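Here is a short note to read alongside the structure. Take the points in order, and keep the 3D view open as you go.

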Amino acid sequence: IGMSRMQNTTPGSESKKSIHPSLSGKIILANSGIGKSYAKRIYNNIVDGDDLFRDAANFILEKYNQSKYKIDSVSNMRGVFELWGEYSSDIDKVTEAKKRRDEVYRKYAEFAKESSKNGMTVLSSSAREPIISIADFAIVQNDAETIAKNRSSELRENKEELSVEKAKEKI
C-alpha cells in the first residue's frame with residue numbers, strides 16, 4: 001500500500017515536468033473535476049488525493065481483516081461503505097460504519113501529510129475535516145460548465161455524467 005504517497009508511479013512519469021517549487025510539498029484542495037488526475041499525468045511530483053484515499057481505504061479494510069476486499073479506485077467506495085453497513089437499517093452497524101469511514105479519512109490525512117513531507121504536492125477534492133485542517137490552500141473552479149464537462153470526460157479516471165445544475169451545487 002502507498003507507493004503513490006512516495007512517488008508518482010504513472011507510466012512515463014520519469015519524463016514529466018516538476019511542479020513549481022513554491023507548490024512542492026503542499027496539500028491543495030481543489031474541486032472535483034478540476035483536473036487532479038490530469039495534473040498527475042503531467043507532473044512527476046503530484047499525488048492525486050483519490051489515490052491516497054484508495055490507499056487509506058485499503059489500509060483500514062486490511063486492519064479489520066477484510067483484506068479479501070480491496071478497491072482499485074475511489075469509485076468503489078460505496079461498496080466498502082455497504083460492506084461496513086453504512087446503509088443498513090441496523091443503527092449499530094451504521095454507527096460502526098461511520099467510525100470506520102472517519103478512520104479512513106484520518107488515515108488519508110496522514111498519508112497526505114507524509115506525501116507532503118516527502119516533497120510531493122497533494123491535490124485533494126475531499127471536503128472532510130481531516131483533510132481541510134491540513135490543507136495549505138484551496139483552488140476553486142467556479143465555472144460549472146467546465147466542471148461538468150471535465151467530470152464526464154473520457155480522459156477522467158472516475159468518469160461520471162454531471163449536469164451543469166449539479167456542478168453548480170458542488171461549487
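**Notes on the charged pairs, the sheet and the core**

1. Let us begin with a charged pair: the side chains of Arg-78 and Glu-82 meet in a salt bridge, at 3.2 Å from N to O. Please remember while looking that this is a predicted model. Both residues belong to helix α4, where they sit four residues apart, about one turn of the helix. Why does Arg-78 count as partly exposed? Its relative accessibility is 48%, and the class of partly exposed residues lies between 20% and 50%. Glu-82 counts as partly exposed too, because its relative accessibility is 44%.

2. Now compare a second pair. Arg-101 forms a salt bridge with Glu-86, and their closest N and O atoms are 2.6 Å apart. This pair links distant parts of the chain: Arg-101 is in helix α5, while Glu-86 is in the loop between α4 and α5, 15 residues apart. Are these two partners buried or exposed? Arg-101 counts as buried because its relative accessibility is 12%, and Glu-86 is buried with a relative accessible area of 12%. Buried here means under 20%.

3. A third pair is worth a visit. Lys-40 and Asp-51 form a salt bridge whose closest N and O atoms are 2.7 Å apart. Here, too, distant parts of the chain are linked, with Lys-40 in helix α2 (residues 36-42) and Asp-51 in helix α3, 11 residues apart. Both Lys-40 and Asp-51 are buried. Which residues are linked with Lys-40 in a network of salt bridges? They are Asp-51, Arg-54 and Asp-55. In total, the structure holds 10 salt bridges. As a general point, side chains of opposite charge can pair when their charged atoms come close.

4. Let us step back to the whole chain. There are eight helices and four strands, and from the N terminus on they follow the pattern α-β-α-β-α-α-α-β-α-β-α-α. Of the 171 residues, 43% are buried. Among contacts with a separation of 6 or more, 66% are between residues 24 or more positions apart. The accessible surface of the chain comes to about 9500 Å², and carbon and sulfur atoms account for 48% of that.

5. Next, the sheet. What is the order of its four strands? The order is β2-β3-β1-β4, in an open sheet with parallel pairing. Strands β2 and β4 (137-139) stand at the edges; each has a single partner strand, so one side of each is left without a neighbour in the sheet. On average, neighbouring strands are turned by 30 degrees against each other, direction ignored.

6. Strand β3 (residues 121-124) deserves a look from both sides. Thr-121 and Leu-123 on one face, and Val-122 and Ser-124 on the other, are all buried, so both faces are covered. Three bridges join β1 to β3 in parallel, and Ile-27 has Val-122 as its bridge partner in β3. Three bridges also join β3 to strand β2 (residues 46-48), again in parallel. Along that pairing, Ile-46 stands opposite Thr-121, and Asp-48 stands opposite Leu-123.

7. Two helices meet this sheet. Helix α3 lies across β2 and β3, running at about 55 degrees to β2. Helix α5 packs on the sheet and touches β1, β2 and β3, with its direction at about 150 degrees to that of β3.

8. Finally, the core. The largest nonpolar core has 25 residues, and the members that touch the most others are Leu-52, Met-77, Trp-84, Val-104 and Tyr-108. The elements that give two or more residues to this core are β1 (27-30), α3 (49-63), α4 (77-84) and α5 (91-117). Which element gives the largest share? That is α5, with seven residues. Leaving aside residues up to four places away in sequence, Val-104 touches Phe-53, Ala-56, Ala-57, Ile-60 and Trp-84. Apart from the largest core lies another core of five residues, including Ile-28, Ala-39, Ile-46 and Leu-123. In soluble globular proteins, nonpolar side chains tend to be buried together.

Key: Residues numbered from 1 in each chain as written. Predicted model: local features only at pLDDT ≥ 70, side-chain atom pairs only at ≥ 80, totals over all residues. Heavy atoms only, no water. Core = buried A, V, L, I, M, F, W, Y, C linked by side-chain atoms within 4.5 Å. Buried < 20%, exposed > 50% of the residue type's maximum accessible area, 1.4 Å probe, protein only. Contact = heavy atoms within 4.5 Å. Areas by Shrake-Rupley, 256 points an atom, 1.4 Å probe, with all protein chains shown as cover. Pairing = 2+ DSSP bridges. Salt bridge = Lys/Arg side-chain N within 4 Å of Asp/Glu carboxyl O. Axes fitted to C-alpha atoms, helices over the stretch in contact; angles between N-to-C directions.
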